[in-house]
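This briefing introduces one protein chain to a reader new to it. Please look at the sequence and structure first, then read the points by topic.

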Amino acid sequence: MKRLTVLLMGLFMTATSFAQTTDNKPPVRKIEVTGTAEMEITPDEITINITLREYYKNKTNKVGITTLEAQLQKAVQDAGITKENFTIGNVFGTNYEQWWKKKKTAEDFLARKQYVLKVNRLDKINGILAAVDEEGIESVNIAAFNSTKMEEYRKQVKANAMKAARTKATYLLAAIDENIGSVIEVQEFNNDQYSDVRPEAANMRMFAKADAAGAGVPDSNIDVKTIKIRAEIRAVFGIK
């Protein structure tokens, strides 16, 4: 029993001694900084929604969605846009007759179709819209911007943010005659900012209503604003 007591006391003293040694270890000398970088790019992939609707001409003759779709499809082909970049996004319709009307006819139903058009710039959109019956165009809007090289640009911006963090840590430590050591911890944040379309782009449909048989509808030279890619890096470096 005495031998066991001595052994336990020895283990306790060893553990206490180890804990004291660990607690007395000098703290890691380090510096924490934030590095940021930005890049503005022009989108080369613009998604446009075009909605066509059936309507009555002179209140008697119905202009069908098939006719309007054929006009739009031909205009898209003439603009050199491939089939995979011209798709149907949605199909819907309305019936303006009263609900108690017993007999319904095909003429009562007015169909609508939404098309999704992807282009690399906006300079052909006016010509496309001008080739479609203006009364059949319900709405046109830009749905999204993107770049086919987005991931490549993101990597570059993140790398620049990391370099900025190291540069900041280096000159801050130099101010107090210290030298930067190896990196201890890195944390990244994405801060992409998609700018709005230029206000003039909202006038695309107005150009489409111009008389194509007259002076013609010029291709628009209006472009969208750039996409701002921003990266932020939090980095912890050791101090030598």
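The protein chain has five helices and ten strands, taken as DSSP runs numbered from the N terminus (helices are H or I with at least four residues, strands E with at least two). This is a predicted model, in which local features need pLDDT of at least 70 and side-chain atom pairs count only at pLDDT 80 or more, while totals for chains, interfaces and linings use all residues. Residues are numbered from 1 along each chain as its sequence is written, and side-chain values use heavy atoms, with hydrogens and water left out.

**Burial and contacts**
- Of the 240 residues in the protein chain, 30% are buried, meaning under 20% relative accessible area with a 1.4 Å probe, protein chains only.
- Among contacts (heavy atoms within 4.5 Å) between residues at least 6 apart in sequence, 83% join residues at least 24 apart.

**Nonpolar core**
- The largest nonpolar core, a set of buried Ala, Val, Leu, Ile, Met, Phe, Trp, Tyr and Cys residues joined through side-chain atoms within 4.5 Å, has 45 residues.
- Elements that each supply at least two residues of this core include β1 (30–41), β2 (45–53), α2 (65–78) and β10 (227–239).
- β10 gives the most to this core, with seven residues.
- Ile-48 is one of the residues with the most contacts inside the core.
- Leaving aside residues up to four places away in sequence, Ile-48 touches residues including Tyr-115, Leu-117, Ile-125 and Val-140.

Note on methods: Buried means under 20% relative accessible area, exposed over 50%, partly exposed in between (1.4 Å probe, protein chains only).
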